[in-house]
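User: I'd like to learn how to read a helix and a nonpolar core in a model like this one. Can you walk me through it?

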Amino acid sequence: MAGPAMIENRTFDEIEVGDTASVTRTLEPEDIQLFALVSGDVNPAHLDAQYAATDMFRHVIAHGMWGGGLISAVLGTQLPGPGTIYLDQSLRFRRPVAPGDTITASVTVVEKRAEKKILILDCRCANQHGEDVITGQAQVIAPGEKVLRPRAELPDVRLNDHDKYRRLMELAGGSDPVPTAIVHPCSEAAITAALDAAQAGLIAPILIGPDAKIKAAATAASRAIEGFRIVPVAHSHAAAAKAVELVRTGEAQLVMKGSLHTDELMGAVVSSATGLRTERRISHAYVMDVPGRPTPLIITDAAINIAPSLEEKADIIRNAIDLAHVIGMEAPKVAILAAVETVNPAMPSTLDAAALCKMADRGQISGGILDGPLAFDNAVSEAAAREKGIVSEVAGHAEILVVPNLEAGNMLAKQLTFLGGADAAGIVLGARVPIILTSRADSLRTRLASCAVAVLMARAVTPAAPGLPGGKSA
């Protein structure tokens, strides 16, 4: 069995003029993002392709010191290696480096000064065409003692650049803000969420609640609310009822939860006499930005339906498919989750999954590709699905995860959020208008993403099809 990889230096006495060492690295887009994260250098020439197309080089380029870092890596790990003290470094940047370029950084000893164990080294970074990218000279103190150590193992790093949410914001932007009933915005978090979405041009808030409490919350949050419509009511229950009324009269096209409990808001929404019910079952969905996944992941239902029946699950899936269409998934892959990937009569969730897939085969659920039962690993991991011998368009590539009950969905979403670094934008579907659910723990990015999804849903609604307030556009 091979031992650990080692790193070894070369002492001053071991080094001769003319000795050389090098490293080679291909620049990936992630390298540019990581360098920007560590250095704080967010110059758009490195990170904004649209801007870079108008700049001198017409494309994104690496930070100049990325190449300088390769030179430092050679000096610190090979020649002379551990124990080296950097004294001076000159660099001349001759050509830009773009993603996909392969750079070889090399150093060559040109002078030794025995009195202080100083080395002078010529430094060069060259691209795959042999063209100089960086040239310069380094002055270091070489180590006097031998060092032989296990090479450090670097951590795995997974970037979440939030491109998925950024694309949602871009899709939702560019039109008039959507009139939105903000229900009881009587906390700093609630008023801030509404005003941030307004500032982003997504919504036109209608603030519903006790006038004094709304103004106190705005003062506490250091936010100005002059110019926004306030509808004064006595308490949170009345605020929920008033929001529903504004939707029914056409004054609001969205509802956004403020500082009241979800159950209180949903009680007004589902009221059989005055609520916002449609033929569809109302359900909740998270649009999740999960690090390492190229597209958003929709998880449903994690907040409304505690133990949905087969019929209710069918509506939950229809709602999720409508949502997926609006955010750009033409034929979303829907995984119906259970603990196993086989049908087991002792596990009702597997029977429901099989029945739902057959309903899709018969055209009772349309617009997506369904498969189930699937265990979570088989749904999201191609390798896990292959290991189990599952042949499916959905397995390993799921875009919608349908959980068996609320507890499973809530746990799954929160595990991805708090252990996996995911962001979760929440929305309620199946009512006459989309309902934005935000939490005090949500980041600004997540709050805006929730609003962007709701705005897209509101704009997609037409009187033609069933389900939403009339349905959704094709």
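User: Let's start with helix α14: what does it span from its first C-alpha to its last?

Analyst: Keep in mind that this is a predicted model. With a helix, you set the end-to-end reach against the one expected at 1.5 Å a residue. Helix α14 runs over residues 406-418, 13 residues in total, and reaches 18 Å, close to the 18 Å expected.

User: And what holds the N-terminal end of α14, I mean which residue caps it?

Analyst: That's N405: one of its side-chain oxygens sits 3.3 Å from the backbone nitrogen of E407.

User: Which residues of α14 are buried?

Analyst: Buried here means under 20% relative accessible area. In α14 those are L406, G409, L412, A413 and L416. They share one side of α14 because they cover an arc of only 135° around the axis. On the other side, E407, M411 and F418 are exposed.

User: What do the buried residues of α14 pack against?

Analyst: Four strands and a helix, judging by the names: β12 (283-289), β13 (297-300), β14 (333-337) and β16 (400-402), plus α12 (376-380).

User: Now the largest nonpolar core: how many residues does it have, and which have the most contacts inside it?

Analyst: For a core, look at its size, then at its best-connected members. This one has 58 residues, and I191, I298, I317 and L323 have the most contacts inside it. Helix α15 (residues 444-460) gives the most to this core, with eleven residues.

User: What is L323 in contact with, leaving aside neighbours within four places in sequence?

Analyst: L323 touches A285, V287, I298, I427, L429, V453 and M457. There's also a second, separate core of 29 residues, with I15, I71, V74 and V140 among them.

Conventions: Residues numbered from 1 in each chain as written. Predicted model: local features only at pLDDT ≥ 70, side-chain atom pairs only at ≥ 80, totals over all residues. Heavy atoms only, no water. Helix = DSSP H or I, 4+ residues; strand = E, 2+ residues; numbered from the N terminus. Expected span 1.5 Å × (residues − 1). Buried < 20%, exposed > 50% of the residue type's maximum accessible area, 1.4 Å probe, protein only. Arc of directions from axis to C-beta. Contact = heavy atoms within 4.5 Å. Polar contact = N/O pair within 3.5 Å; in protein donor to acceptor, adjacent residues only side chain to side chain. Core = buried A, V, L, I, M, F, W, Y, C linked by side-chain atoms within 4.5 Å.
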